[in-house]
Amino acid sequence: MSSPTRWAGVPLHDRRTERRALLVDAAFALFGSGGEAALSVRSVCRECELNTRYFYESFTDTGELLGAVYDRVALDLATDVERAITAAGPSVRARTHAGIKAVLGFSSIDPRRGRILFTDARANPVLTARRALTQDLLRDVVLTESGHVQPTSDPVAARVGASMYTGAMAELAQEWLNGNLGDDLDAVVDHAVRLVLPQL
């Protein structure tokens with residue numbers, strides 16, 4: 001456990017920020033590897049070598065901590081997707097390919113990410129709520145992208161398409177992570193792009 005001298009000389013705000021980050025890291029490792037059963041106040045504090053009183057300094061319970069883990073992983077995913085789409089240039093097909101590949105690649109490079117974002121997000125109430133918010137954000141990104149391509153399209157039709165796309169992406173990620181689509185990421189992405197953009 002943490003010693004009294006561990007935080008000597010560190011301002012209070014910085015100490016709390018660092019301890020919170022340690023707790024989130026520990027929860028990511030435990031939940032990502034063992035699921036909800038592996039996550040408890042005691043196990044998290046043991047993992048990051050903090051006294052349990054520091055847990056309650058940042059979180060009321062493990063549900064709140066798990067929400068923080070999801071938020072961090074989702075933010076990392078959004079950053080990766082945005083970077084990939086920007087690097088792909090102006091082509092709609094290239095940007096779509098880059099976005100889909102970024103989502104699937106991010107989730108499979110570290111399977112713990114996929115477990116938190118997609119697999120266990122279906123069963124855990126905290127993750128289910130977070131996942132719904134993330135899909136809302138993704139739908140808004142898709143609507144923005146489609147608005148650039150077809151600025152005069154019917155807004156209801158655009159929203160229907162964006163909703164179908166975001167739902168399909170969640171299912172695709174689930175199937176990919178479960179190993180039901182083989183191991184050729186590029187082939188899976190190519191198939192997905194052909195289905196999403198058959199006319200291009």
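Let's start with contact range: in the protein chain, 63% of the contacts with a separation of 6 or more are between residues 24 or more positions apart. Please keep in mind that this is a predicted model.

Which elements make up the chain? There are nine helices and zero strands, so if you trace the sequence from one end to the other, you read α-α-α-α-α-α-α-α-α. The C-alpha trace spans about 65 × 35 × 30 Å along its principal axes.

A word on confidence, before we go into detail. The average pLDDT of the chain is 86, and 91% of the residues score at least 70. Which helix has the highest mean pLDDT, and which the lowest? Helix 2, residues 41-48, comes out highest at 96, while helix 7, residues 125-149, is lowest at 78. As a reminder, where pLDDT is low, the predicted coordinates should not be read in detail.

Now to the inside. The chain has 200 residues, and 36% of them count as buried. On the outside, the accessible surface comes to about 11,100 Å², with 56% of that area belonging to carbon and sulfur atoms.

The largest nonpolar core holds 49 residues. Who touches the most other members? That would be Leu23, Val44, Leu65, Ile100, Leu104 and Leu117. As for the elements, helix 4, residues 62-87, gives the most to this core, with ten residues.

Let me pick out Val44 from that group. If we set aside its neighbours within four places in sequence, Val44 is in contact with Leu23, Ala26, Ala27, Leu30, Leu39 and Leu65. Two of those names, Leu23 and Leu65, will be familiar from the list of core residues that touch the most other members.

Last, the cysteines. How many disulfides does a search of the whole structure find? Zero. Cysteine 45 is in no disulfide, and the nearest cysteine sulfur belongs to cysteine 48. Why is there no bond here? The sulfur of cysteine 48 is 5.6 Å from that of cysteine 45, its closest cysteine sulfur, and that is too far for a bond; the cut-off for a disulfide is a pair of sulfur atoms within 2.5 Å. And are these two cysteines buried or exposed? Cysteine 45 is buried, with a relative accessible area of 1%, and cysteine 48 is buried too, at 10%.

That's my tour; I'm happy to go back to any part of it.

Key: Residues are numbered from 1 along each chain as its sequence is written. This is a predicted model: local features need pLDDT of at least 70, side-chain atom pairs count only at pLDDT 80 or more; totals for chains, interfaces and linings use all residues. Side-chain values use heavy atoms; hydrogens and water are left out. pLDDT is the predictor's confidence in each residue, from 0 to 100. Helices (H or I, at least four residues) and strands (E, at least two) are DSSP runs, numbered from the N terminus. Buried means under 20% relative accessible area, exposed over 50%, partly exposed in between (1.4 Å probe, protein chains only). A nonpolar core is a set of buried Ala, Val, Leu, Ile, Met, Phe, Trp, Tyr and Cys residues joined through side-chain atoms within 4.5 Å. Contact means heavy atoms within 4.5 Å. Accessible areas come from the Shrake-Rupley method with a 1.4 Å probe; for residues, only the protein chains shown count as cover.
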